[in-house]
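Subject: Structure for you to look through

Hello,

Here is the structure I said I would hand over, together with its sequence. Please open it beside this email, and read the notes below with the chain in view.

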Amino acid sequence: RNFIYSLFLSLLFYFLFNNIIFARTFYIILFLQPILFLLVKNLPHKVISLYPLYAFILSLFLGIFVATEYGIILDGLFSGRGIYSSLLLSELNTIHKILFGIQENTNDFAVDMSFIAALYTYGLFVVLILIYLYNKSLNLLSKNNETTVIVIILSFLSYCIVENALIHDIKYNFSFF
């Protein structure tokens, strides 16, 4: 039933906002939501709860391997976000900066990838804590069969791969609530 509702809402939103919203991310999430309803029902709890880690790793790969053949293709799909992430990752050149981030100069780069921006600003410790919290939340929601909430959180985390909404401005991260 949730799949049908999600499909209906996705189509409705697509037709309502087709000539108003020009961001590809919006349409990708509309396409992704009904698929997530199907996947959440059929995937093991562990795979679902590890999604934040997968999103972080995907963000890292996009930033690190942006100069490779496949990285260029992926970066093109993400509108050049990998290049800016690569610049931030190159600034993390000491163990201290990797673990604790770079607090100064946080507005020097316009980075849309949430996980990379969080890694740059706050360091690996904070990113791992966020991944852990999302992991535990998704695991608990999965055990309680809260499919709709899981799909919303997975959609938001997917959005965070290409937009800086995870911790940049806390009022945009409804998944914390």
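A good place to begin is Ile 35, which counts as partly exposed because its relative accessibility is 32%, and partly exposed covers the range between buried, under 20%, and exposed, over 50%. Please keep in mind throughout that this is a predicted model. Ile 35 sits in helix H2, and it is one of the residues that make a nonpolar surface patch of about 950 Å², together with others including Phe 31, Leu 39, Leu 43, Tyr 54 and Phe 65. Helix H2 and helix H4, which covers 51–64, each supply at least two residues of this patch, and the largest share, 5 residues, comes from H4.

Phe 31, also in the patch, leads on to another part of the chain, since its C-alpha atom is separated by 8.8 Å from that of Leu 11, although the two residues are 20 apart along the chain. Leu 11 is found in helix H1, and with a relative accessible area of 45% it is partly exposed.

Which helices each supply at least two residues of the lining of the largest pocket? They are helix H1 (2–17), helix H2 (24–42) and helix H10 (147–162). The pocket itself has a volume of about 440 Å³, and of the 18 residues that line it, the closest to its centre are Ile 29, Leu 30, Gln 33, Ile 152 and Ser 155. When the lining is sorted by residue character, 11 residues are nonpolar, 7 are polar and none is charged.

Ahead of helix H10 you will come to Asn 145, which lies in the loop between helix H9 (124–143) and H10. Its phi angle is near 55°, which is a positive value in a residue other than glycine. Is Asn 145 buried or exposed? Asn 145 has a relative accessible area of 61%, so it is exposed, given that the exposed class takes in values over 50%.

Leu 88, in helix H6 (residues 81–91), makes a useful contrast to look at, because at 3% relative accessibility it counts as buried. Leu 88 and Leu 119 are 31 residues apart in sequence, while the distance in space from C-alpha to C-alpha is 9.0 Å.

Please write back with any questions once you have looked through it.

Best wishes

Terms used: Residues numbered from 1 in each chain as written. Predicted model: local features only at pLDDT ≥ 70, side-chain atom pairs only at ≥ 80, totals over all residues. Heavy atoms only, no water. 1 Å grid on protein atoms, 1.4 Å probe; cavity = no way out; pocket = protein on both sides within 12 Å on 5 of 7 lines; lining within 4 Å. Points joined across faces, edges and corners; volume = space filled by probe spheres on them. Helix = DSSP H or I, 4+ residues; strand = E, 2+ residues; numbered from the N terminus. Nonpolar A, V, L, I, M, F, W, Y, C, P; charged D, E, K, R; others polar. Buried < 20%, exposed > 50% of the residue type's maximum accessible area, 1.4 Å probe, protein only. Patch = residues over 30% accessible without salt bridge, like charges linked within 9 Å, V, L, I, M, F, W, Y side chains within 5 Å. Areas by Shrake-Rupley, 256 points an atom, 1.4 Å probe, with all protein chains shown as cover. Salt bridge = Lys/Arg side-chain N within 4 Å of Asp/Glu carboxyl O.
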